[in-house]
Amino acid sequence: MSNEIIKRANEIIAENTGSGTYCTLALIDTDGYPTASTITAAKSDGINWVTFCTGLGGRKANRIKKCGRAAVCFNTGGNFNITLVGVIEIVTDETCKKEMWYSGLEEHFTGPEDPNFCVLRFKTERYKLFVDWQPEVEGRL
C-alpha cells in the first residue's frame, strides 16, 4: 500500500507544479523562527526534490543562507496533504536557471540570465503522506 501512496503522491506533486500552481515552503527566518509562504514549485521529481524560483536578494534566499532546513507542503484542500522535510540550497548555475524558468517569471525577472534570479533546490530527507483518505504514510529517503 505504501508504494501506491508514494506513486499517487508523486502524481499529485506533478499536477501541482508549474505556473499557476502553489504549495507552501517553510523556512527558518534569520531570527531562528519558523516562517511559511505560498510559492510556485517550478519543477519536481515526485517526493524526491522540488525547485522554486525567487530573487537572490530576497527574504527566502537570505533565510536559506542562514539555515538550509526546510519543509514543503502540498495541500490544496480535499483528500491529500503531502509534507516533505529536508534541506534547501540556492542555485545560481545558468543551465539550471534556464531549465527551471517558466512562464510568469518574466513579471519579476528579465529572463533566466537575470543576475537577481536564482533557483531554490529542495531535497527531501523524510516525508508524511496523507493521500486519497488512506492511512498516513511516513518515511525517509
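What follows is a walk through a predicted model, from its nonpolar cores to its largest pocket, its cysteines and a handful of single residues.

A good place to start is the inside of the protein. The largest nonpolar core is made up of 28 residues. Leu25, Phe52, Phe74, Ile82, Leu84, Ile88 and Leu129 are the ones with the most contacts inside this core. Several elements feed into it, each with at least two residues: helix H1 (2–15) along with strands E1 (23–28), E4 (49–55), E5 (69–74), E6 (80–91) and E7 (117–131). Strand E7 hands over the largest share of the core, six residues. There is also a second core, separate from this one, with 10 residues. Cys53, Met100, Leu105 and Phe109 are among them.

Two residues give a feel for how the main chain segments come together around strand E7. Leu129, already met as one of the best-connected members of the largest core, touches a varied set of partners once neighbours within four places in sequence are put aside. On the list are Ile5, Ile6 and Ala9, then Ile47, then Asn81 and Ile82, and finally Pro135, Glu136 and Val137. Val131 also belongs to strand E7. With a relative accessible area of 1%, Val131 falls under the 20% cut-off, so it counts as buried. Leaving out neighbours within four places in sequence, Val131 is in contact with Ile5, Arg8, Ala9 and Ile12, and also with Asn79, Phe80 and Ile82. For a sense of scale, Val131 and Asn62 sit 69 residues apart in sequence, and their C-alpha atoms are 33 Å apart in space.

Just past Val131, the backbone does something worth a look. Asp132 is found in the loop between E7 and E8, and its phi is near 50°, a positive value in a residue other than glycine. Trp133, in the loop between E7 and E8 as well, has a positive phi of about 60° although it is not a glycine either. As for accessibility, Asp132 is partly exposed at 27% relative accessible area, while Trp133 reaches 62% and counts as exposed.

Further along the chain comes Leu141, in the segment after strand E8 (137–140). Leu141 is a leucine that counts as exposed, because its relative accessibility of 52% is over the 50% cut-off. Even so, Leu141 has partners elsewhere in the chain: not counting residues up to four places away in sequence, it touches Ile47, Asn48, Thr124, Glu125 and Tyr127. Leu141 and Arg8 are 133 residues apart along the chain, with 16 Å between their C-alpha atoms.

Back towards the start of the chain, Gly18 lies in the loop between H1 and E1. Gly18 counts as buried, with 13% relative accessibility. Its contacts, once neighbours within four places in sequence are left aside, are Thr40, Ala41 and Ala42. The C-alpha atoms of Gly18 and Ser44 are 9.0 Å apart, for a separation of 26 residues along the chain.

Thr40 turns up again at the largest pocket. The space in this pocket comes to about 290 Å³. Its lining counts 17 residues, with Thr40, Cys53, Tyr102, Leu105 and His108 lying nearest the centre. Two of these names, Cys53 and Leu105, are familiar from the second core. Strands E2 (34–39) and E4 each supply at least two residues of the lining, and E4 gives the most, with three residues. Sorted by class, the lining has nine polar residues, six nonpolar ones and two charged ones.

That leaves the cysteines. No disulfides are present in the structure, and the distances show what stands in the way. For Cys73, the closest cysteine sulfur is in Cys23, 8.4 Å away, which is too far for a bond because a disulfide needs the two sulfur atoms within 2.5 Å. Cys96 is in a similar position: its closest cysteine sulfur, in Cys53, is 8.1 Å away, again too far for a bond. Cys96 is also buried, with a relative accessible area of 9%.

Notes. Residues are numbered from 1 along each chain as its sequence is written. This is a predicted model: local features need pLDDT of at least 70, side-chain atom pairs count only at pLDDT 80 or more; totals for chains, interfaces and linings use all residues. Side-chain values use heavy atoms; hydrogens and water are left out. Buried means under 20% relative accessible area, exposed over 50%, partly exposed in between (1.4 Å probe, protein chains only). A nonpolar core is a set of buried Ala, Val, Leu, Ile, Met, Phe, Trp, Tyr and Cys residues joined through side-chain atoms within 4.5 Å. Helices (H or I, at least four residues) and strands (E, at least two) are DSSP runs, numbered from the N terminus. Contact means heavy atoms within 4.5 Å. On a 1 Å grid over the protein atoms alone, a cavity is a set of points where a 1.4 Å probe fits but cannot get out, and a pocket is an open set with protein on both sides within 12 Å along at least five of seven lines; lining residues have an atom within 4 Å of a point. Grid points are joined across faces, edges and corners, and a volume is the space filled by probe spheres set on the points. Ala, Val, Leu, Ile, Met, Phe, Trp, Tyr, Cys and Pro count as nonpolar, Asp, Glu, Lys and Arg as charged, and the others, Gly among them, as polar.
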